[in-house]
Amino acid sequence: MRLTPRKEEVSAVKALLESEDFESADQMAKAVIKEVAEVLQMRDWYALAHTWSDGTRGLNWAPFGSETEAKSFADKIAIGGSGRLIKLYAPGVMLANVDGKKGWKGYCQDPDCGHAPFTHSTVSAARGACHIPTCPCGQFRK
């Protein structure tokens with residue numbers, strides 16, 4: 001699995017590494033592992049579902065970071081039959097659209113909000129107040 005770190009992912013892990021809130025390396029390591037798991041939950045992945053030539057269900061592989069990576073893998077193993085790419089949508093994005101994802105690209109940068117753009121009302125070409133009932137945000141901030 002190939003990963004290209006994104007700016008907001010690096011920032012989240014960097015904040016933990018620079019934090020003085022940990023009493024031991026073990027505590028910091030656990031926090032970093034949890035943060036990386038949460039970060040990866042925000043990504044869409046791909047799976048490769050295989051079928052043998054006679055129509056029998058074959059083998060399945062995942063996760064792949066992109067369609068290209070999955071196709072390259074399929075070409076390398078070349079075991080016969082056919083394969084299909086299946087996009088695995090990020091469960092973290094679904095949660096972030098409701099709970100908010102403060103500081104993440106594409107989400108509202110208001111410190112009290114962090115919700116997705118579509119949760120904000122449309123005001124001409126801009127976005128207005130957040131429609132999440134518990135959110136005090138009055139204007140979507142990029």
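Colleague: Hi! How many aromatic pairs does the structure hold?

Modeller: Hi! This is a predicted model, and the structure holds 2 aromatic pairs. In one of them, tryptophan 61 and phenylalanine 73 sit edge-to-face, 5.3 Å centre to centre with 65 degrees between the planes.

Colleague: Nice. Which parts of the chain does that pair link?

Modeller: Distant ones: tryptophan 61 belongs to strand 2 and phenylalanine 73 to helix 3, and the two are 12 residues apart.

Colleague: And what about the other pair, which residues form that?

Modeller: That is phenylalanine 64 with phenylalanine 73, at 5.2 Å centre to centre. The planes are 45 degrees apart, so the geometry counts as tilted.

Colleague: Why tilted rather than edge-to-face?

Modeller: Because edge-to-face needs over 60 degrees and stacked needs under 30, and 45 degrees fits neither. Taken together, Trp61, Phe64 and Phe73 form one aromatic cluster.

Colleague: Is phenylalanine 64 buried or exposed?

Modeller: Phenylalanine 64 is buried, at 7% relative accessibility. Its partner phenylalanine 73 is partly exposed, with a relative accessible area of 25%, and tryptophan 61 is partly exposed as well, at 23%.

Colleague: Why does tryptophan 61 miss the buried class?

Modeller: Because buried means under 20% relative accessible area, and tryptophan 61 has 23%.

Colleague: Okay, switching to the backbone. Which peptide bond is cis?

Modeller: The one from alanine 62 to proline 63, with omega near -5 degrees. Most peptide bonds are trans. As for location, proline 63 lies in strand 2, which covers residues 57-64.

Colleague: Good to know before I set up restraints. What is phi at alanine 78?

Modeller: Phi of alanine 78 is near 35 degrees, a positive value in a residue that isn't glycine. Most residues other than glycine have a negative phi.

Colleague: Where is alanine 78 found?

Modeller: In the loop between helix 3 (67-77) and strand 3 (82-88). Alanine 78 counts as exposed because its relative accessibility is 60%, and the cut-off for exposed is over 50%.

Colleague: Last topic, pockets. What volume does the largest pocket have?

Modeller: About 150 Å³.

Colleague: And which residues line the largest pocket?

Modeller: From the early part of the numbering there are Arg2, Leu3, Thr4 and Arg6. Then come Arg43, Asp44, Trp45 and Tyr46, followed by Gly65, Ser66, Glu69 and Lys87.

Colleague: How does the lining divide into nonpolar, polar and charged?

Modeller: The lining has 6 charged, 3 polar and 3 nonpolar residues.

Conventions. Residues are numbered from 1 along each chain as its sequence is written. This is a predicted model: local features need pLDDT of at least 70, side-chain atom pairs count only at pLDDT 80 or more; totals for chains, interfaces and linings use all residues. Side-chain values use heavy atoms; hydrogens and water are left out. On a 1 Å grid over the protein atoms alone, a cavity is a set of points where a 1.4 Å probe fits but cannot get out, and a pocket is an open set with protein on both sides within 12 Å along at least five of seven lines; lining residues have an atom within 4 Å of a point. Grid points are joined across faces, edges and corners, and a volume is the space filled by probe spheres set on the points. Ala, Val, Leu, Ile, Met, Phe, Trp, Tyr, Cys and Pro count as nonpolar, Asp, Glu, Lys and Arg as charged, and the others, Gly among them, as polar. Helices (H or I, at least four residues) and strands (E, at least two) are DSSP runs, numbered from the N terminus. Buried means under 20% relative accessible area, exposed over 50%, partly exposed in between (1.4 Å probe, protein chains only). Rings of Phe, Tyr and Trp (its six-membered ring) pair if their centres lie within 6.5 Å; planes under 30 degrees apart count as stacked, over 60 as edge-to-face and the rest as tilted.
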